[in-house]
Amino acid sequence: MKVQLLDLASQYRKIKKEVLREVTKVCDSQHYVLGKNVAGLESEIASYCGARFAVGVASGTDAILLALMAAGVGAGDKVVTTPFTFFATAGSIARLGAVPIFVDIHPKTYNIDPESFESYLKKNRKGVKAVIPVHLYGQCADMAPIKALAKKYRISVIEDAAQSIGAEYRGKRAGSLGDMGCLSFYPTKNLGCFGDGGMVTTNDAKLYDRLKMLRVHGSRVRYYHDEVGVNSRLDELQAAVLRVKFKYLDGWTAGRIKNAERYNALFSKAGIKEATLPYIQKGNLSVYNQYVVTVPKRDELRAYLASVGVGSEIYYPLSLHQQKCFKYLGYKKGDFPVSEKTAKEALALPIYPELRESEQRFVVSSIAEFYKK
Ligand SMILES: *Cc1c(COP(=O)(O)O)cnc(C)c1O
């Protein structure tokens, strides 16, 4: 048996006709930038996330960059985030000349730990402009204490919801929990396009206006520029693909959740005491962009799974404070022990909606086999 980490082809087979029909319409129209598909998708996604507005941009990375710019973050400002995330979260901060400030993660959820955030702010409140909680693997960060701290210290909250469209925190969806929410439509995300794409959500009309201006070179009236912005738009072809796929999102999410529950049952039945299963905080609904277990001998297990035909991946093998490009920030090994430990133990297993029960059984029995040896 061969089990891929992600099988986008099986999803595509089911929607191919519909997608190609919509793509053809865009080609026939020859209207590619900022047209009716982008506008339509923006209002669909905004209402899905429970936000008033959404702005389509070229990628999830640009969504974070533009949100930071809209929040007024610039050179020398500090932005607090987690070291256990995809590079883009911190990379976008650094690209603006701002300073990424890392605080450690919660040992069970792997999301930013509000207590670490608070102790940082108590000691260093000066110059902190924003915080970027990341809703990792499909589960929202613990937003209530983060928002309370942000309010107290007057800093912006920018959600990195790239992995978490549809995720809920106490009944509210990712993208409506902070001042702005950043989505990615990279192909491996729960709602993925056929290339790069992203979106920023907000409830604030002023931020909405700024985001729209910033994505077209800082211009509100064509060829007149109020600020130096960027060229970052979602295009009509991607938006057309996304509007077709969006109709299936809830069904796919339900499939991911069902598969996660099935893994939980299979793991406990197999009695694999080595594996720590995903922990979902009370009041959260995870959309399981990834199903990540933490395990001893992770790299050996991964190699073994590969040898029996099971795909897996490591998100993420190196905590961001240890990345070469962030050496200048002055962090060292041991600064964020939970993040560093998780980077050594985390392993993502296949969780995509079309995954079959027999395949999940094979994944779990292969893991059991490895630890028996
Ligand atoms: C994917 C991802 C991004 C970046 O999105 P792109 O669309 O690939 O630029 C940012 N943050 C996190 C946590 C992600 O998983």
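How far is an oxygen atom of the ligand from an N or O atom in the side chain of threonine 61? Hi everyone, let's start right there. In this predicted model, that distance is 2.5 Å.

Staying with the ligand, aspartate 160 also takes part: an N or O atom of its side chain sits 2.7 Å from a ligand nitrogen. Serine 184 places a polar side-chain atom 2.6 Å from a ligand oxygen. As for cover, the ligand taken alone would expose 380 Å², and the protein buries 94% of that. In total, 17 residues surround the ligand, and the closest include Gly60 and Lys189 along with the three I just mentioned.

Now, the cysteines. How many disulfides does a search of the whole structure find? Zero. Let me take two cysteines in turn. For cysteine 140, the closest cysteine sulfur belongs to cysteine 49, and at 10 Å it is too far for a bond, since a disulfide needs the two sulfurs within 2.5 Å. Cysteine 140 is also buried, at 1% relative accessibility. Cysteine 325, by contrast, is partly exposed, with a relative accessible area of 40%. Its sulfur is 19 Å from the closest cysteine sulfur, the one in cysteine 182, so that pair is too far apart for a bond as well.

Last stop, the surface. Which residues make the nonpolar patch of about 420 Å²? They are Val221, Tyr223 and Tyr224. Valine 221 lies in strand E10, which covers residues 219–221, and with 53% relative accessibility it counts as exposed.

That's my tour, thanks for listening!

Key
Residues are numbered from 1 along each chain as its sequence is written. This is a predicted model: local features need pLDDT of at least 70, side-chain atom pairs count only at pLDDT 80 or more; totals for chains, interfaces and linings use all residues. Side-chain values use heavy atoms; hydrogens and water are left out. Buried means under 20% relative accessible area, exposed over 50%, partly exposed in between (1.4 Å probe, protein chains only). Patches are made of residues with over 30% relative accessible area and no salt bridge: like charges are joined within 9 Å, nonpolar side chains (Val, Leu, Ile, Met, Phe, Trp, Tyr) within 5 Å. Accessible areas come from the Shrake-Rupley method with a 1.4 Å probe; for residues, only the protein chains shown count as cover. A salt bridge is a side-chain nitrogen of Lys or Arg within 4 Å of a carboxyl oxygen of Asp or Glu. Helices (H or I, at least four residues) and strands (E, at least two) are DSSP runs, numbered from the N terminus. A residue is near a molecule or strand if one of its heavy atoms lies within 4 Å of it. A polar contact is a pair of N or O atoms within 3.5 Å; within protein, one must be able to donate a hydrogen and the other to accept it, and residues adjacent in sequence count only if both atoms are side-chain atoms.
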